[in-house]
Amino acid sequence: MQETLKYISENKNRFVDELFELLRIPSISADPAYKNDVLKCAEVCAEHLKNAGADNVEICETNGYPIVFGEKLIDEKLPTVLVYGHYDVQPADPLELWKKPPFEPYIEKTDLHPEGAIFARGSADDKGQFFMQVKAFEAMMKTDSLPCNVKFILEGEEEVGSISLGSWVEENKEKLSCDCILISDTHIYSNEQPTVTTGLRGLSYVEVEVEGPNRDLHSGLYGGAVPNPIHVLSRMIAKMIDDDGHILIDGFYDNVEIVSDAERAEMNKLKDNPEEFKKSIGLNDVEGEKGYTTLERTSIRPTLDCNGIWGGYTGEGAKTVIPSKAFAKISMRLVPYQTPEEITEKFTKYFEKIAPENVKVKVTPHHGGMPYVLPTDTKEFLAAKNAMQTAFGKEVLPYRGGGSIPITAMFEQVLGAKSVLMGFGLDSDAIHSPNEHYGLFNFYKGIESIPLFFENYSK
């Protein structure tokens, strides 16, 4: 292992240069205008896997964007780790809020990253993180220290709900057979308090529409006499959560996991600093469900958020209209025992129930996903915890994340293997936002930790 760590140290500048090559490709899966860039990124990922030492590297066609596969099988008697990552990225809008163009990566020092951070769309989510896996694999191959079999799948549709992945995994179960899955697409609590993610929330994502008059109306001729869909939709959204942060949808909490007092106490051992939390996002105070800490609200409790709302005229200047329609996108984060199908159905019934009779409403479900929990007494968790404790030289605690990676539950159901969520970002990395970045310290620490995980898990 010392030779592996030495190789990483000697090549770390090259690793960053190669990551920059990936980050320059605007592989935005949500926008068809970037189709060729997404396809190009798949080809570059395949080349990196080949150069790192993977065999049988191929770009596998799906109904959407391709999946890059590669493997190194050294002994059928040894365990097999399947590494998952995604090469697609979120749209970069709003572009005017970026300090520099989002696909021209650069390094800049910050208060949280005195050694420097890589600024670019995809730097933390997920190119910088899956690239750690590729470079750690390269280091093990070059130093002849790979202790087990490894397979890679890198997909190009994670940011649009992994539309094609489930069916592709079902069709390739034998090809993907493994003992555990390793995912670096999460974050640690802080560089001072490293963590292994042991849980993720699920997701139900919907779009709603409120329709009033049969066309946009002149606000002078009709104002005050007809329903304004924007007003109606705003009132309906306000009826979804009360002043105590409690979601008012009928039956919403019926199947919510009851987390024990002992587990809640363990969770709150993390050094939660409310003032730092507020300062980091520019708020004077926080809010949320009454009776729970910020850590609990963002991990073990379900939520409902309006992600976008629009209608009427939003262009330059004035246009005095009462719009015919208003729209909103709403996401609900789910916890164990809730399912996206159940919650989407309950949301739809409630939305229709609270709609006034003088408008028509419509709910369109988008993607969803199941929650996921990795027990802390499993060999997968312990291998990750011990690897990170060695790399960081600090105690590593379990941590439930607030985000969603729907494919983790699917992997367990189809492949019968647990997923280890071994990410190294920080929640301040501005993923999905302007000026996304990823600390050099975190990038290097991930590459150091991953070979240790392979070694621990193989033992």
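Which residue is the bridge partner of Glu108 in β5? It is Ala117, and the small sheet region around this pair is a handy place to start. The model is a predicted one, in which local features need pLDDT of at least 70 and side-chain atom pairs count only at pLDDT 80 or more, while totals for chains, interfaces and linings use all residues. Residues are numbered from 1 along each chain as its sequence is written, and side-chain values rest on heavy atoms, with hydrogens and water left out.

Helices and strands here are DSSP runs numbered from the N terminus (H or I, at least four residues, for helices; E, at least two, for strands). Strands count as paired if DSSP finds at least two bridges between them. β4 and β5 (residues 117–119) clear that bar with three bridges, in the antiparallel sense. They belong to an open, antiparallel sheet of three strands, ordered β4-β5-β18. Its edges are β4 (106–108) and β18 (437–439), each of which pairs on one side only. On average, neighbouring strands in the sheet are turned by 30 degrees against each other, direction ignored.

Two helices go with this sheet. Helix α1 (residues 2–23) packs on it and touches β4 and β5, contact meaning heavy atoms within 4.5 Å. The direction of α1 makes about 20 degrees with that of β5; axes are lines fitted to C-alpha atoms, for helices over the stretch in contact, and angles run from 0 to 180 degrees between N-to-C directions. Helix α13 (residues 440–458) lies across β4, β5 and β18, at about 60 degrees to β18.

Then there is Ile188, in the loop between β7 (180–183) and β8 (195–200). Ile188 is buried, with a relative accessible area of 0%; buried means under 20%, exposed over 50% and partly exposed in between (1.4 Å probe, protein chains only). Leaving aside residues up to four places away in sequence, the contacts of Ile188 include Pro194, Met388, Phe392, Phe424 and Asn442. Leu426 is another residue that Ile188 touches: the two are 238 residues apart in sequence, yet 5.7 Å apart in space, C-alpha to C-alpha.

Helix α3 (residues 127–142) has 16 residues and spans 22 Å from first C-alpha to last, close to the expected 22 Å, a figure defined as 1.5 Å times one less than the number of residues. α3 is mostly covered, with 14 of its 16 residues buried. After α3 comes Asp144, whose phi is positive, near 55 degrees.
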